Structure formats: C-alpha cells, structure tokens
Amino acid sequence: MQIAVLGGGLSGLGAAHALAHRFPAAQLLLFERGRPLGGWAQSLHHGRILLEGGPRTLRPNGAAALELIRALGIEDQLLVVPKSSPASKNRYVYIRPGQLPGLSGLCVVGPSLLRQFLWPIIRAPLRYALYKNAPDGQDESVDSFMSRILGDDMATALGSALIHGIYAADSRQLSAHATLPFFSSKDRKKFLENSASNFESDVLQPWPNVGNLHNKLEHASAFSFKDGMETLTRALEEHLEAKSNVHIFRESPVLNLAMRKDRTMQLSYSGSTSTSVSTINPTHVVSALPLPTLHSITQPRNTHDTLPSNVPLHLNANPSSSVHVLNLVFPGPPANIHPSGFGYLIPRPREGYPTQATDAQPGILGVVFDSCTCSEQDDSNLTPEEWYHKGTHTKITVMLGGPYPLYIPPTTPNFPTSTTDIPHPIQIILKHLSTHFSQLKSNYALPPPIYYHLWRNVNCIPTYLPGHRSRMDEMKTMLKKDVSEGGWNGKLEVIGAGVDGVSVPDCLLAGRNAGLSWL
Ligand SMILES: C=Cc1c2[nH]c(c1C)Cc1[nH]c(c(CCC(=O)O)c1C)Cc1[nH]c(c(C)c1CCC(=O)O)Cc1[nH]c(c(C)c1C=C)C2
C-alpha cells in the first residue's frame, strides 16, 4: 500500500499522522508545494513577543484536536483562556455612527446591546418554529435566514459581524445549511456536541483518548500554546519525520493526479532539487489541497487512458476570502490602549461593501486584543488580567479584507521610530483604531506602534455558497463510484477546509478520519 497525502497544511498533517498509525505497513508520502508545513498556522517570535498570522486559539470542543495534542505529548505547552476571564466574557461590536438608532461605537455584546433587539429576540423562537426553512426548502444565505428569524437590523448588525469573525465573508453569500449549527447533519451535530466532557460520538472511531486534558480544559473557553499555534504543526512535522515509513516532499507541487482505466492512479509532481517531473502510482490518495487546486490537477491530460467524469466533483464551486492580518505592538499596558476583552467585530456597511478600498473605508473586519488572551506567550509570568494593567506592551491584531477590496500593499515588518516611518495605509488604520477607541475615554491618544507585521493570507478561508452540503455529498458519492462510471473507486478521499468546516478542529477531525473506509 502506498498512500499519498496532498497538502501539508493542518488537514494534510493530521491525515498523515492518522494514516501512519492506521496503516503502519504502508508507505506514506506527503507532498507540500512550499517549504514550511502547517498551512495558515503561522507563529513568529519578534524578540520575546509572539505574533500569530493565522488562527491563534482553539476551542476545547474538538476531541480530535485534544487527542492529537495528547498523542504528540504537547499538553504541557497549553495555555488556557479561562471562561471567567475578560477575554472570554467581553466581546464587542463596533457600530458605525448612524447604523443603528441609539447605539454607536464599541458596544459589549451583552444585555444593553441585545435590549435594542428585544422584540426580534422575543419573537425569534416562534419565527424559528414557523420559518426555519426557506419557503422553497432550499439552502439559502446566512443573511436571508437571519433576516427571516431575527429581522434585517439584527442580521446586518450582528449576523454580518459574526460571519466576518469566522469566515471573513459576506453573510449574504455564505450558505446557511453549511455554516449554521441548526442545519447540521446528525453526524455533524454529534461532532459539535462532542465537547471535552462528552465524547460519546461515533464520528470519532475508535474513541479518542484525551487523558487528563478533559480536566485541564474543564473551565477553558479557549486555549493556545506557549509558543503559539505552530507548536501543533511543528510537533506533527517532527512526529512524521521520525517515522521510517513516512516521507515528506517539500517544495514539491503535485502537477497531475489521474485515475486510469485500469483502476490504477498516477500522480506526477515536480521535485525540489530537480526541474524534472517524477511520477508514482499510489494505491490511495488523500487530498487536503484547496478544492480549486485539486480541480486543476485532476483535469484529464489525455482521454487515452483516463476517463472523463460526467458527474462534477464541484471543486470550483466556492470562492474564498483573502485576509490581511496586521499585528501591531504598542508601548505600555493594554489598559492605556483598549478595553479589556477578546476584541471586536465590525458589521458590514448598511449600503454594502465598497468596490474600491479607500482611506475612509480600508475594510477593517475586526480587531483581536491578543494581550488579553495569552499574555504568557510574550515571555511573561503575569496573567492576562495582571498584564492588562502592568504589561510592558500591548499586542493587537487588525483583520482586513474578506469581502472588502484589499487595502494594504506588501509591507515589510518594521520598528518605526517616528510616525513618518509608518506606511500610509497603516497610518490610516491607526487613525480608524483611534476613532474606535477614543469614544471610551476623553483625551484618548493612541501612541505610535513600536512594531508592526503584516501577513497577506491569500484565499485562506473558503466561502461555502448555498448548496455546499449537497454538492459535497455528491462529490463524496462520486469519489466512491467505479472507474467505469467516472469515479475513483473510493481510492481518493478529499478533505480540508473546503469540504467539511473551516476551523482547526474541523480540519483535524477530517484528517483523523481519513482513510477509515480503506481498513
Ligand atoms: C486569518 C483570520 C481568520 C478569520 N477567521 C478565521 C481565521 C483563521 C477562522 C476562524 N475564526 C474563528 C473561527 C471559529 C472557531 C471555532 O468556533 O472553533 C474560525 C474557523 C473565531 C475567531 N475569530 C477571531 C479569533 C481570534 C477567533 C478564535 C479562533 C482563531 O484564533 O482563529 C478573530 C477574527 N478572525 C477573523 C476576523 C476578521 C476576526 C476579527 C476579529 C477572520
């Protein structure tokens, strides 16, 4: 048995880890186009300050993630965000002046904000019972579902902001059935219910072994690692590298994958050290590539020995969002800069997204108060609550882009010595932040940052368009079909953020369950 895993992001690494255990006698080949593994999980030390360019925390409800952490022996590196902490309790939305009657500026998502929507909230259960499904019974956008149940104002002010914070997408585009828990399939519901205290799930086979992590995370709303999210991907990489039956091909893009009429697969890739193309015949393949990339490499190169498929795999059906992640470090404790909490999200403008980025609308989706979550990552013994008042610096992350046109051109990380050292787009973003924060204090002045780092994450989050779930079901059925019907005989499995969920636990769960049908 020779298994090829395509893509060295979280899903691909997770799949390689699970498959190497499940099939110890198989040869496992992992192909990654770039040099570093780990996909969008990117952590960087700037001196003693840890900066994250992708996901930064995990929720403790993903048994597959916990099981992996235990298997890799990295439990001692966990940093827990307690449920009682301000980062867990205080989440804000920024309401633009004039967007909602009687409210503007940074508002805590809590009773006073929800009081504005009292009537929509009171009538929501009845409307949900009556109108859960769209009149035609088909999938619809999150915005259209929320507008029906909660009203337009709530769908725009809160719904769009929430979608920005998870999918960096337009809630009017995103599928309700693929993203809202009410519409989850039975299997998926079980997965979502599969919290640290409830592992009775048949989605995870065999049952996960999470040791004492359950106790450690009992009072956590989220967790990360002392050295950031890359701790997980580095540990996976090291674990795989130590295995004699695993071979990692870096800088080795897969160029073509075909199922031939004789039911054998052919995979060609270009190697890192030579410009020549090599070909192998894996018996099984797990693709953890973005779906459009898989689409491009599975186009038949010749009809001579490959069969064109007549049922589409829908690999090109969804667009994806690009996010600019701007880490900013300011001098002094967070209490001088921003309120205590997780951060804030900004709803879409009532008039919709602009077609061009401007200084007036640079496309800020939200801001994360990193120092309030895991200040211990910055080589400190202070808790985030202590750091809030006594810390030596404040770390925040501004997220931009998604449905907005991208605003910041490539920018090298820098320690500005004066405001004039700061590129114009970052100066403009600082002005917007200053406006957001100044409503909280009189005479507010945002100091110039002592460091900034920009990550341009292109096409990092797929946007599931309505119909996504049925398209993915059709794809999975097609992959299982015989070659004579244009299928892949169950020898190709497709996982990754483009298929069954974009969160880190979703990707790790899909990786963990890869190849179960090959047993
Ligand atoms: C690069 C930016 C990302 C944005 N969303 C995601 C990334 C990687 C993915 C994502 N973010 C969250 C979830 C849900 C997690 C879950 O429920 O288990 C997903 C799939 C929630 C979230 N949003 C933000 C943070 C810090 C978190 C916690 C998880 C994480 O660390 O990623 C902040 C945030 N993310 C984005 C925006 C625009 C934003 C704004 C404040 C986009």
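This section describes the domains, one helix pair and the ligand shell of a predicted model.

The protein divides into two domains. Domain 1 comprises residues 2-39, 246-317 and 464-518. Domain 2 comprises 85-187 and 320-462. Their centres, taken over C-alpha atoms, lie 34 Å apart. Ten residues of domain 1 and 13 residues of domain 2 make the contact. On the domain 1 side, helix H16 (468-480) and helix H17 (497-500) each give two or more residues. By class, this side of domain 1 has six nonpolar, three polar and one charged residues.

Helix H1 (residues 10-22) packs against helix H11 (residues 230-241). The angle is about 40°, and the axes are 10 Å apart. The crossing of H1 over H11 is left-handed. H1 contributes Leu10, Leu13, Ala16, His17 and Ala20. H11 contributes Thr233, Leu236, Glu237, His239 and Leu240. Six nonpolar, three polar and one charged residues make up this contact of H1 with H11.

The ligand is surrounded by 25 residues. Pro55, Leu365, Gly366, Met399 and Ser503 come nearest. Two or more shell residues come from each of helix H7 (152-167) and strands E14 (320-331), E15 (343-345), E16 (364-368) and E18 (451-462). Strand E16 gives the most, with four residues. The shell has 15 nonpolar, eight polar and two charged residues. Both domains take part: domain 1 and domain 2 each supply at least three residues to the shell around the ligand.

Methods:
Residues numbered from 1 in each chain as written. Predicted model: local features only at pLDDT ≥ 70, side-chain atom pairs only at ≥ 80, totals over all residues. Domains from an automatic or database assignment. Contact = placed C-beta atoms within 7 Å. Nonpolar A, V, L, I, M, F, W, Y, C, P; charged D, E, K, R; others polar. Axes fitted to C-alpha atoms, helices over the stretch in contact; angles between N-to-C directions. Left-handed = near helix turned anticlockwise from the far one by under 90°. Near = placed C-beta within 6 Å.
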